[in-house]
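The following exercises concern a single protein chain. Please work through each task before reading its solution.

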Amino acid sequence: VAQAYVNQRKLDHEVKTLQVQAAQFAKQTGQWITMVENFNQALKEIGDVENWARSMEMDMRTIATALEYVYKGQLQPSCS
């Protein structure tokens with residue numbers, strides 16, 4: 001009976017230790033999940049900025065081409 005009591009106390013101690021470690025692991029896992037979610041959001045934002053930059057570049061090229069066309073048109077003598 002005494003040995004069973006000692007074994008039960010050891011098991012209780014191990015269970016408490018395991019509970020503390022599990023709680024710490026759950027907290028750490030929650031922090032990791034938050035970090036990954038933040039990283040994913042940052043990647044999405046980078047993608048959004050990249051798409052915006054491409055759109056702006058295309059618009060600027062269109063404007064530059066139009067201005068060049070107008071400028072060249074002004075250099076040619078009128079036929080009237």
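**Exercise 1.** Which side chains meet in a salt bridge of 3.1 Å, N to O?

*Solution.* The model is predicted, and local features need pLDDT of at least 70, side-chain atom pairs count only at pLDDT 80 or more, while totals for chains, interfaces and linings use all residues. Residues are numbered from 1 along each chain as its sequence is written, and side-chain values use heavy atoms, with hydrogens and water left out.

Step 1. Apply the criterion: a salt bridge is a side-chain nitrogen of Lys or Arg within 4 Å of a carboxyl oxygen of Asp or Glu. The side chains of Glu68 and Lys72 satisfy it, with an N to O distance of 3.1 Å.

Step 2. Place the pair in the secondary structure, where helices (H or I, at least four residues) and strands (E, at least two) are DSSP runs, numbered from the N terminus. Glu68 and Lys72 are 4 residues apart in helix α1, so about one helical turn separates them.

Step 3. Classify the accessibility: buried means under 20% relative accessible area, exposed over 50%, and partly exposed in between (1.4 Å probe, protein chains only). Glu68 is partly exposed because its relative accessible area is 43%; Lys72, with 46%, is likewise partly exposed.

**Exercise 2.** Determine how many salt bridges the rule gives, and describe the remaining pairs.

*Solution.* Step 1. The count comes to 3 salt bridges.

Step 2. One of them joins the side chains of Arg54 and Glu50, at 2.6 Å from N to O. Both residues belong to helix α1 and are 4 residues apart, about one turn of the helix. A relative accessible area of 46% makes Arg54 partly exposed, and Glu50 is partly exposed at 39%.

Step 3. Another joins Glu57 to Arg61, with an N to O distance of 2.7 Å. Glu57 and Arg61 also lie 4 residues apart in helix α1, about one turn. Glu57 counts as partly exposed because its relative accessibility is 40%.

**Exercise 3.** Describe the surroundings of Met56: in which helix is it found, and which nonpolar patch includes it?

*Solution.* Step 1. Met56 is found in helix α1, which covers residues 2–75.

Step 2. Its relative accessibility is 32%, so Met56 is classed as partly exposed.

Step 3. Patches are made of residues with over 30% relative accessible area and no salt bridge; like charges are joined within 9 Å, and nonpolar side chains (Val, Leu, Ile, Met, Phe, Trp, Tyr) within 5 Å. Met56 belongs to a nonpolar surface patch with Val49, Trp52, Met60, Ile63 and Leu67. Together these residues have about 610 Å² of accessible area, where accessible areas come from the Shrake-Rupley method with a 1.4 Å probe and, for residues, only the protein chains shown count as cover.

**Exercise 4.** Characterise the overall form of the chain: how many helices and strands are there, and what box do the C-alpha atoms fill?

*Solution.* Step 1. The protein chain has 1 helix and 0 strands. Its radius of gyration (taken over C-alpha atoms) is 35 Å, well over the 12 Å that the globule rule gives for 80 residues, so the chain is more spread out than a compact globule. The globule rule is 2.2 Å times the number of residues to the power 0.38.

Step 2. Along the principal axes, the C-alpha atoms fill a box of roughly 120 × 10 × 10 Å.

Step 3. Consider two separations along the chain. The C-alpha atoms of Met56 and Gln21, 35 residues apart, are separated by 52 Å. For Glu68 and Ala42, 26 residues apart, the separation is 38 Å.

Step 4. Buried residues make up 0% of the 80 residues. The accessible surface of the chain is about 7700 Å², and 63% of it belongs to carbon and sulfur atoms.
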